[in-house]
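Dear colleague,

Please find below the structure I promised to hand over. My notes on it follow directly after.

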Amino acid sequence: MGTGHAREHIPADSRTSGRDGEQDARLDRAAVERAERRLLGRVWRTPVLRCEQLDARSGARLWLKAENLQRGGSFKIRGALLAVEHLAASGSRGVIAQSTGNHAIAVALAARQYGLPAIVVLPSDAPPAKIQRIREAGAEVVTAGTLLAHRVAAVAELRELHDYDVIDPYQNPYVVAGQGTATAELIDQAVAEGVHLDAVVVPVGGGSAIAGACLTAEGREVSVVGAEPQAVPALTAALRAHRPVTVSAGHTIADGLRPDRIGALPFTLAHGAVAAVETVSEEAIADAMRDAFLHARLVIEPAAATALAAALQYASRHGGDIGVLLSGGNVEPSLAASMLTNRQASAPHTTAA
C-alpha cells in the first residue's frame with residue numbers, strides 16, 4: 001500500500017483556487033452555473049431515466065442521469081473541456097493528466113479539439129478499452145505503477161521534461177466546476193418533470209464529482225450523498241479524520257474509484273456539505289451493473305454502478321425522489337460479460353490506486 005501523496009497547490013481550508021499565477025476564482029454554485037453556460041452546445045444533455053423495477057426494489061423513485069451516454073463515455077468531458085479551453089487561451093504548449101481512465105479520455109478528447117498535444121499517465125493495470133479510447137483520441141499513454149503516488153510522480157517528471165501544463169483531476173477548479181454541471185442538469189431535469197429531488201447520489205474517487213455536486217446543491221435543499229466501494233473508503237476515512245488521509249485500499253472492480261486519498265480541494269468543498277456516504281460491497285456493485293443492463297437497459301461501468309448500488313441502499317431507508325449520477329459507461333467488455341453471466345463477480349487481482 002502506498003502512502004505517497006502529491007503536494008497540493010491549494011490550502012485545505014480555502015474555497016478559492018488558482019495556480020501558476022492564475023487569478024483566484026471562487027468556487028460556488030455560481031461557478032457551476034458559469035460552467036454550464038460555457039459548455040452549452042459542447043457537451044450532450046444526457047437523459048434522466050426512470051426504471052420501474054429499480055423503483056420497486058428501493059421503495060423510492062430513482063432518477064438516473066445517464067452520463068454513460070456522454071461524449072467520451074463519461075461526465076469527465078465536462079471539466080476537461082473547461083480546463084483545456086483555459087490553458088489553450090493562455091498559450092499552453094500541451095497538457096498532461098493522470099487518471100485511472102475517464103479523466104484521461106476526456107483530456108485527450110479536449111486537447112485534440114484545441115489542437116494541443118496531450119500525455120496521460122495511467123496505472124499499469126488500466127483497462128485496455130480505456131487505453132484504446134485514449135490513443136484513438138491522439139494522446140500519448142504512459143503507465144506508472146498501480147498507486148496514485150506513482151502516477152503523480154510520473155506527471156512531475158513529464159512536466160519537467162516537456163514543460164506542459166498539468167490538468168489535475170481533483171485539484172483543478174475548472175474540472176470541479178465542470179463536473180458539477182452534470183448534477184446541476186440532473187436537478188434541473190427533475191424540476192422540469194415537476195419533481196424536487198430529496199437527494200443526489202454521486203460516486204467518489206478523487207472527489208471532483210462530489211465537490212461539484214456540493215457546489216451545485218448550495219441553497220437547493222437537496223442532500224448530497226457520496227458512494228464509494230467498501231474496499232476504498234477514502235472519503236469516509238477523511239470525514240472521520242477531518243482531513244484527507246491515505247487509506248489501506250483493497251481490490252475493487254470499480255477502477256474509476258481507486259484513488260486511495262481524496263483531493264484536498266474536493267474535501268474542503270465537500271466535508272461540511274455531504275449528508276452521508278454509502279459504502280458499497282463488491283457484490284452490490286456487480287449486482288447494480290447487471291440490474292442497470294437488464295432492467296434499465298443501460299451499460300454502465302463499475303464506478304457508475306457504485307452510485308446506483310449506494311442509491312438503492314440509501315433510498316431503501318429514506319424513500320423520496322433520489323437522483324443518481326451514472327458517471328460513465330467505459331466498461332471493459334470482458335468485465336461486462338462476466339457481470340451478466342455470473343451471479344457473483346470477483347474483483348481482479350490489482351492493487352488499488
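**Salt bridges and the central theme of the notes**

The structure contains 17 salt bridges. Please bear in mind that the model is predicted. Three of the pairs are described here, followed by the sheet.

The pair Glu-85 and Arg-42 forms a salt bridge in which the closest N and O atoms are 3.4 Å apart. Distant parts of the chain are linked by this pair: Glu-85 belongs to helix α3 (residues 76-89), while Arg-42 sits in the loop between α1 (29-39) and β3, 43 residues apart. Glu-85 has a relative accessible area of 16% and therefore counts as buried, the limit being under 20%. Arg-42 is likewise classed as buried, at 17% relative accessibility.

A second salt bridge joins the side chains of Asp-321 and Arg-61, at 2.7 Å from N to O. Here too distant parts of the chain are linked, since Asp-321 lies in strand β12 and Arg-61 in strand β4, 260 residues apart. Asp-321 is buried, with a relative accessible area of 9%, whereas Arg-61 is partly exposed at 39% relative accessibility.

Arg-78 and Glu-185 form a further salt bridge, with 3.0 Å between the closest N and O atoms. This pair links distant parts of the chain, with Arg-78 in helix α3 and Glu-185 in helix α7 (residues 173-192), 107 residues apart. Arg-78 and Glu-185 are both buried. They also belong to one network with Lys-65 and Glu-67, joined through salt bridges that share partners.

**The sheet and helix α12**

Strands β4 and β12, which carry Arg-61 and Asp-321, are part of an open sheet. This sheet is formed by 6 strands in the order β3-β4-β12-β9-β10-β11, and its pairing is mixed. Strands β3 (48-49) and β11 (274-280) are the edge strands, each pairing on one side only.

Within the sheet, strand β9 (residues 199-203) pairs with strand β12 (residues 321-326) in the parallel sense, over 3 bridges. In this pairing, Ala-199 stands opposite Ile-322 of β12.

Helix α12 (residues 302-318) lies across β4 (61-66), β9, β10 (223-229), β11 and β12. Relative to β11, helix α12 runs at about 115 degrees.

Yours sincerely

Notes: Residues numbered from 1 in each chain as written. Predicted model: local features only at pLDDT ≥ 70, side-chain atom pairs only at ≥ 80, totals over all residues. Heavy atoms only, no water. Pairing = 2+ DSSP bridges. Helix = DSSP H or I, 4+ residues; strand = E, 2+ residues; numbered from the N terminus. Contact = heavy atoms within 4.5 Å. Axes fitted to C-alpha atoms, helices over the stretch in contact; angles between N-to-C directions. Salt bridge = Lys/Arg side-chain N within 4 Å of Asp/Glu carboxyl O. Buried < 20%, exposed > 50% of the residue type's maximum accessible area, 1.4 Å probe, protein only.
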